[in-house]
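Colleague: Hey, I'm new to this one. Can you put it up so we can talk it through?

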Amino acid sequence: MVDCVICRIVAGGIPARLVHQDDRAIAFHDINPQAPFHVLVVPRVHIPRLADLDDEALGGHLLGVVRKVAADAGYEENFRIVVNNGDLAGQAVGHLHLHVLAGRRFTWPPG
C-alpha cells in the first residue's frame with residue numbers, strides 16, 4: 001500500500017535500521033524508542049492489524065523473529081512484546097507490527 005509507512009519501509013522507500021530480514025518479515029529499530037532496545041517486527045505483506053491476521057504460520061514466524069532479534073541483542077531472557085490492535089488500543093500505524101522492548105524493568109499493568 002502506497003500510503004502505508006511500514007509498507008514503504010518494507011519496500012526500501014524509507015530507510016530503517018534493519019536487524020532482521022527474510023522472505024516473510026523484517027525487523028527494524030523504532031524511531032521513537034520506549035526502551036534501550038525497541039525493535040518492530042513486521043510482516044512483509046500488508047496486514048492492517050492482528051485481528052486481520054489469518055495465517056497462523058505467519059503469526060508463528062513473526063514470534064520466532066521476535067525471539068531471534070531479542071536473543072541476538074542479548075535479551076533472550078527478558079523482553080516484552082506489545083501488539084496494539086485498533087485505535088482504542090493505541091495502534092498508530094495501520095500495518096501489523098510487534099514491538100520488542102528490552103533493556104529496562106517494565107511495570108504491570110502497562111499504560
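Colleague: By class, what does the lining of the largest pocket have?
Modeller: Keep in mind that this is a predicted model. The lining has 15 nonpolar, eight polar and four charged residues.

Colleague: And what's the volume of that largest pocket?
Modeller: About 640 Å³. There are 27 lining residues, and Asp30, Asn32, His38, Leu40 and His99 are the closest to the pocket's centre.

Colleague: Which elements give two or more residues to that lining?
Modeller: Helix H1 (5-10), strand S4 (80-82), and also S2, S3 and S5. H1 provides the largest share of the lining, with three residues.

Colleague: OK, switching to the largest nonpolar core. Which residues there touch the most other members?
Modeller: That core has 16 residues, and the ones touching the most other members are Ala27, Val41, Leu62, Val65, Val69, Leu98 and Val100.

Colleague: Which elements each supply at least two residues of this core?
Modeller: Three strands and a helix: S2 (25-29), S3 (37-43), S5 (98-102) and helix H2 (56-72). H2 gives the most to the core, six residues.

Colleague: Let's zoom in on Ala27. What is Ala27 in contact with, leaving aside neighbours within four places in sequence?
Modeller: Arg17, Leu18, Val19 and His20 on the one hand, then Val39, Leu40 and Val41, plus Val65 and Val69.

Colleague: And what lies apart from the largest core?
Modeller: Another core, made of nine residues. Cys4, Cys7, Ile9 and Ile26 are among them.

Key:
Residues are numbered from 1 along each chain as its sequence is written. This is a predicted model: local features need pLDDT of at least 70, side-chain atom pairs count only at pLDDT 80 or more; totals for chains, interfaces and linings use all residues. Side-chain values use heavy atoms; hydrogens and water are left out. A nonpolar core is a set of buried Ala, Val, Leu, Ile, Met, Phe, Trp, Tyr and Cys residues joined through side-chain atoms within 4.5 Å. Buried means under 20% relative accessible area, exposed over 50%, partly exposed in between (1.4 Å probe, protein chains only). Helices (H or I, at least four residues) and strands (E, at least two) are DSSP runs, numbered from the N terminus. Contact means heavy atoms within 4.5 Å. On a 1 Å grid over the protein atoms alone, a cavity is a set of points where a 1.4 Å probe fits but cannot get out, and a pocket is an open set with protein on both sides within 12 Å along at least five of seven lines; lining residues have an atom within 4 Å of a point. Grid points are joined across faces, edges and corners, and a volume is the space filled by probe spheres set on the points. Ala, Val, Leu, Ile, Met, Phe, Trp, Tyr, Cys and Pro count as nonpolar, Asp, Glu, Lys and Arg as charged, and the others, Gly among them, as polar.
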